[in-house]
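Reader: I am new to protein models and would like to learn how to read one, feature by feature. Could you take me through this one slowly?

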Amino acid sequence: MSPRAGNTGPHTLAFVESPVQLLNVLEWAHGHAPGAQLTLVVLSPTDPMTRGQLRRMAELAREEGHEVRWEEARGGPAAPFHTIGGLAGMLRRADRVVLGDPFSRYVQLLLTITRASALVVVDDGTATMEFVAQLARGERLVRWHRKGGRPSPRDLAFAPISSAARKRLTPGKGREVEIFSSMPMAEAPAGVTVSSHSFAWTRGRFGPPRITKGADMVGTSLVETGVVDADRYVEAVTRLAKSHGATRYFAHRRESTEKLHRLAVETGLEIVRPDLPLELIARRGPIGRTILSFPSTVVHTLPLALAGTGVRVAVCDIDPDWLTETASPRAQGFLSGVTGTARDVHRLSAVTAVPAV
């Protein structure tokens, strides 16, 4: 168990909206601010699986000695106003702000309030790669799977706040910006400090795991985000599971119940809904000797969390034919980059799927 946080150092306010973001705040605090007075604010989403994982991660944060404040940030039309109003004083007093999703409108709005002299961005999965590239090029902040489309009226109305947030995330006089990441950085923004995230807290807190002889598969929400066709995805999972002898499918927290039921029926895989981020689940074990994945965050994080265990992570490329007609023009290039920049993984060719009728 890591030592509890002390009472020295600057006051740090952290905002998270997902279990992985919360995990990465704990990793950052463990390695870079062991004496920080950390107040961790959970801007809770509405879907049950994410909320459940966040509750479990909040318990771990409290065990580490951090204060956790749970905000029902999306509990009705008036919730955002109550949440922001209640946090304004804390934001103005904080010396340092840690955040997990710079693309979040909630976080961007909160950034316009803070006077903190230090900002830290922790990993929010592969989105961090896109954020760093956009910040380096001075572009507006847009999630990769939406880039290339026309801005909606809501996007245009929010543009001034998004622009102000991007300026806050740019180093300047009296303002330091740090990126804490396990993702590859092709172009680091000028003046930004990039620190390495190796999952040291996770490895020290959990495991080593018991390794089974079979293979496990990791799910993705590419269907739910409109990038990959559902029929092609199910066919690819079926063929990949058969060719590698996979028996379990670890669902992504955003995967729909309908899709998961279909996968269970058509593939015979045991569907597992994790109660913690997969890095912790895998580290606790038991876990398969081979972990199969499509391009996603875990192809970068699992080799670090499972370092020294002998577990092999294998990633299957996304065939361009699997993409939907509405997928972003950047989708194929971005997903190929996720796979191509991953370290310590075995790369699989895209499985051939039967053409959709």
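Reader: Where does G268 lie?

Author: Before anything else, please keep in mind that this is a predicted model. As for the place of G268, it is in the loop between α9 and β10 (270-272).

Reader: Is G268 buried or exposed, and how would I decide?

Author: One looks at the relative accessible area, where a value over 50% counts as exposed and one under 20% as buried. G268 has a relative accessible area of 60%, and therefore it is exposed. You may also look across the chain from there: G268 and T238 are 30 residues apart in sequence, and their C-alpha atoms are separated by 8.6 Å.

Reader: Which polar atoms lie around the side chain of T267?

Author: T267 belongs to helix α9, which covers residues 257-267. A polar atom of its side chain lies 2.4 Å from the backbone oxygen of L263, and a polar atom of the T267 side chain also lies 3.1 Å from the backbone nitrogen of L269.

Reader: How should I read a helix such as α3, and what does its span come to?

Author: One can set the distance between the end C-alpha atoms against the span expected for that number of residues. Helix α3 takes in residues 79-93, 15 residues in total, and it reaches 22 Å from its first C-alpha to its last, which is close to the 21 Å expected at 1.5 Å a residue. The span is not the whole story, however, for α3 also has a kink of about 40°, and this kink is centred on L87.

Reader: Which residues of α3 are buried?

Author: The buried residues in α3 include A79, T83, I84 and L87, and A88, M90 and L91 are buried there as well. You will notice that L87, the centre of the kink, is among these buried residues.

Reader: How does one look for a pocket, and how much space lies in the second largest pocket?

Author: Rolling a probe the size of a water molecule over the atoms shows where empty space is left. In this model, the second largest pocket holds about 230 Å³ of space. Its lining is made by 14 residues, and those closest to the pocket centre are M129, E130, A133, P184 and A186. Two elements, α5 (127-137) and α12 (331-340), each give two or more residues to this lining.

Reader: Which element gives the largest share of that lining, and what classes of residue are found in it?

Author: The largest share comes from α5, which gives five residues to the lining of the second largest pocket. Sorted by class, that lining has seven nonpolar residues, three polar ones and four charged ones.

Reader: How many residues of α5 are buried?

Author: Helix α5 is mostly covered, with nine of its 11 residues buried. Among them are M129, E130 and A133, which you have already met as residues closest to the centre of the second largest pocket. After α5 comes G138, and its phi is positive, near 70°.

Reader: Which residue has a positive phi although it is not a glycine?

Author: That residue is F199, whose phi is about 60°. F199 sits in the loop between β7 (193-196) and α7, and it counts as buried because its relative accessibility is 2%.

Reader: Where are cis peptide bonds found?

Author: To recognise such a bond, one reads the omega angle. One cis peptide bond joins G207 and P208, with omega about 5°, and P208 has its place in the loop between α7 (200-205) and β8 (211-218). A cis peptide bond also joins G285 and P286, with omega about -5°, and P286 is in the loop between α10 (278-284) and β11 (287-293).

Reader: Why does R232 count as buried, and what lies around its side chain?

Author: R232 is in helix α8, residues 230-244, and it counts as buried because its relative accessibility is 15%. A polar atom of the R232 side chain lies 3.2 Å from the backbone oxygen of D321. R232 and T324 are 92 residues apart in sequence, yet 9.7 Å apart in space from C-alpha to C-alpha.

Methods: Residues are numbered from 1 along each chain as its sequence is written. This is a predicted model: local features need pLDDT of at least 70, side-chain atom pairs count only at pLDDT 80 or more; totals for chains, interfaces and linings use all residues. Side-chain values use heavy atoms; hydrogens and water are left out. Helices (H or I, at least four residues) and strands (E, at least two) are DSSP runs, numbered from the N terminus. The expected span of a helix is 1.5 Å times one less than its number of residues. The bend at a residue is the angle between axes fitted to the seven residues ending there and the seven starting there. Buried means under 20% relative accessible area, exposed over 50%, partly exposed in between (1.4 Å probe, protein chains only). On a 1 Å grid over the protein atoms alone, a cavity is a set of points where a 1.4 Å probe fits but cannot get out, and a pocket is an open set with protein on both sides within 12 Å along at least five of seven lines; lining residues have an atom within 4 Å of a point. Grid points are joined across faces, edges and corners, and a volume is the space filled by probe spheres set on the points. Ala, Val, Leu, Ile, Met, Phe, Trp, Tyr, Cys and Pro count as nonpolar, Asp, Glu, Lys and Arg as charged, and the others, Gly among them, as polar. A polar contact is a pair of N or O atoms within 3.5 Å; within protein, one must be able to donate a hydrogen and the other to accept it, and residues adjacent in sequence count only if both atoms are side-chain atoms.
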